[in-house]
Structure formats: structure tokens, C-alpha cells
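Open the model in your viewer and set it to cartoon. Keep side chains ready to switch on. The tour goes stop by stop.

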Amino acid sequence: MIPSIQEFPYTVRVVSEIMESNGSSSQASTCGGCLSLLAAGVPMKKMVAGIAMGLITEPAGDNPYGRYQILSDILGEEDHLGDMDFKVAGTKDGITGFQMDIKIAGVTTEIMQKALAQAKAGRLHILSIMEKCINKPQPISPYAPKIITMKISPDKIGALIGPGGKNIKALCSQYDVTINTEDDGTVQIYGRNGKSAEEAKLAVKGICEDPEVGMIYNGTVKRIMDFGAFVEILPGKEGLCHISKLSRERVNKVSDVLKEGQQIPVKLIEVDKMGRLNLSYIDALEAKK
């Protein structure tokens, strides 16, 4: 029931500490483990619960199973004195695992059928109680390590890595992440927390994605000139915001509106024939209203 590595690329470790055992500690661990995985944000395919079944037999003549009773959720004493410890774990739809220990020569098909049916009824009852506590994965803590998988065009891999790995090393150092690339354009970002990983993702997109006309970007003012300001909208990609695009009113000096290092929204209004980016500050402000 654990998701695939493509859906959830984390290593999962579940520790169950049993303080007292009266019955099946393994099936308590199954139920508690499922709840803890959901609480931690693991997107399990289905919820899993488990129950231990017992058996008491009394021979009658030549029939070793003259009288018998199947027990549900056995106590430690029933486990010790009984003839069977049959642990069954599963979902609402089927069994995911089972284990049987017996002290007699074997069990009949009839006993097995009844034990499985009784275990299913018990499992469904336990699952209904578990679902009242938690029935879906919770959001992963923003302080937990974050793994982001994204796709870029394979012909952009070289730009991301850079000469001698210069670009990718700089990104890893700046955002305190680890970045791995595959030949098919798959990029995995491993961050110490969600914030650093998301920031690194934006930086990777900035290097690998082409600016799109009509999009609004959060840019940084890099240089102020008499005729406008150069604004970095993506890592390594700057555009010109002309003085006429700063306000609907007349602007005498660019520095009256913008300062170097200021973070501003800008709209990409054109990519000219030479590949230069033309930006508008006022259009971005009006679009955000």
C-alpha cells in the first residue's frame, strides 16, 4: 500500500515501540503504523489494519476437531493456551499479509474459511474506527526534508549543469539543496526543508524555461538607466522596463519610481526579433488589482 517512488520519492522508516504485549503486538504495529504514515503525509493507496485470530479445540473420539472455537483479537493468555495464532492484515478489499503459528497438526479448510471470514469482519470494524481518527494523508510538515521531481527539456540539461558543473553547483550552494539530473530531463531536488527546495525549483525553471509573453514575473531591479530599468525576471534573464512603462503618468526620473535591488512585478509584453525582453511595471500592477 506504499506509493511508488515516482509518487513519493522518500525513504520511509516506521518504528513501533511496544510497551506491553497482550495479544498481537505485530497487528497493533500494523494499525498504528498505518495511522502514523498518514499523519506523516505518506499518500498510502489504502488504509491497512490487522487482527490476530486464535483457536481452541477439543477432540471428540477420532476427530481431533470435534469441538472448536475461533477467537478474535486474542489476549496473551488465549495465545498461550490456545492452538493457533493467525495474524491477518489487509484493507477493506483484501489481505496484504498473514502469518500462522499452530500447536496442532494442522487446520481444516472449514476452520481456515471461518477464521478468514471472522478476521475480515474484525478488520473492517477496526478500519472503521481508525478512519474516525484519520482517513487521508496529512500535509507534510514544511520543516521536513522536501523532494521535488520536475521535468525539463533534455536539450536544457547542459544549460542547467553549466560548464564543468558551474551552474548546478552554484544552485546547490545557494539554496542548500542537492540536484540530480537524468538523461530524459528528469530533475530531482532534495532540500532540507520545503522553502529551500521550492526556491531551488524556481531557479531551475528560470534557467531552463523560456520567458512567456503575457506572463507576470516577480523581478529584481538590477540597473537603473535614464531610459528605464533592467529587471531580472528569471535567473540570468533580464529585460528592459522602459520609463514609459512605469506609470500612466509622466515619470521624469526612473529613480523616482524604482530602486536597485527592489522586488517588483513586471509583465512580459514582447520578445523582439533580437530576443530582447520588453517589460511593463504598470501593466503588471493593473493586472494584480
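## Stop 1: L160 and its surroundings

Select L160 and show what surrounds it. Beyond its neighbours within four places in sequence, L160 is in contact with I152, N167, I168, L171, T181, V187, V204, I207 and C208. Bear in mind throughout that this is a predicted model.

Now widen the selection to the core. The largest nonpolar core has 19 residues. L160 is among the members that touch the most other members, along with I152, L171, I179, V187, I189 and V204. Colour the contributing elements next: β5, α4 (157–161), α5 (166–175), β6, β7 and α6 each supply at least two residues. Which element gives the most to this core? Select α6: with 6 residues, it is the top contributor.

Before leaving, mark I243, I264, V266 and L279. They belong to a second, separate core of 18 residues.

## Stop 2: the sheet of 3 strands

Select β5, β6 and β7. They form an open sheet in the order β5-β7-β6, and the pairing is antiparallel. The edges are β5 (146–151) and β6 (177–181), each pairing on one side only. On average, neighbouring strands here are turned by 15° against each other, direction ignored.

Zoom in on β6 and β7 (residues 186–191). These two pair in the antiparallel sense over 5 bridges. To find one pairing position, pick V177: its bridge partner in β7 is G191.

Now add α6, residues 194–208. The helix packs on the sheet and touches β5, β6 and β7. Its direction makes about 20° with that of β5.

## Stop 3: the sheet of 4 strands

Move to β1, β2, β3 and β4. This is another open sheet, ordered β2-β1-β3-β4, again with antiparallel pairing. Which strands sit at the edges? β2 and β4 do, and each pairs on one side only. Neighbouring strands are turned by 20° against each other on average, direction ignored.

Follow the pairings across the sheet. β1 and β3 pair in the antiparallel sense over 7 bridges. Pick G54 and look across to D85, its bridge partner in β3. β3 and β4 also pair in the antiparallel sense, over 7 bridges. There, pick A89: its bridge partner in β4 is G97. A hairpin of 4 residues joins β3 to β4.

Next, add the helices. α1 lies across β1 and β3, running at about 155° to β1. α3 packs on the sheet as well, touching β1, β2, β3 and β4. The direction of α3 makes about 150° with that of β1.

## Stop 4: along α3

Select residues 109–133, which make up helix α3. Put a distance between its end C-alpha atoms: they are 36 Å apart. At 1.5 Å a residue, the 25 residues should span 36 Å, so the two values agree.

Show the side chains that point inward. Which residues of α3 are buried? They are I111, A115, A119, G122, R123, L127 and M130. The spacing has a general background: an α-helix has 3.6 residues a turn, so residues three or four places apart point the same way. The buried residues of α3 pack against α1 (25–40), β1 (49–60), β2 (63–72), β3 (84–90) and β4 (95–102).

## Stop 5: the loop before α3

Select I104, in the loop between β4 and α3. I104 is partly exposed, with a relative accessible area of 24%. Leaving aside neighbours within four places in sequence, I104 is in contact with L55, T57, Y65 and D83. For scale, draw a line from I104 to G33. They are 71 residues apart along the chain, and their C-alpha atoms are separated by 32 Å.

## Stop 6: the cysteines

Finish with the sulfurs. How many disulfides are there? The count is 0, with a pair needing sulfur atoms within 2.5 Å.

Start at C133. The nearest cysteine sulfur, that of C34, is 10 Å away. C133 is exposed, with a relative accessible area of 61%.

Then go to C208. Is this residue buried or exposed? C208 is buried, at a relative accessible area of 7%. Its sulfur is 13 Å from the closest cysteine sulfur, in C172, so the two are too far apart for a bond. C208 also returns you to the opening stop, where it is among the contacts of L160.

Definitions and conventions:
Residues are numbered from 1 along each chain as its sequence is written. This is a predicted model: local features need pLDDT of at least 70, side-chain atom pairs count only at pLDDT 80 or more; totals for chains, interfaces and linings use all residues. Side-chain values use heavy atoms; hydrogens and water are left out. Two strands pair if DSSP finds at least two bridges between them. Axes are lines fitted to C-alpha atoms, for helices over the stretch in contact, and angles run from 0 to 180 degrees between N-to-C directions. Contact means heavy atoms within 4.5 Å. Buried means under 20% relative accessible area, exposed over 50%, partly exposed in between (1.4 Å probe, protein chains only). A nonpolar core is a set of buried Ala, Val, Leu, Ile, Met, Phe, Trp, Tyr and Cys residues joined through side-chain atoms within 4.5 Å. The expected span of a helix is 1.5 Å times one less than its number of residues.
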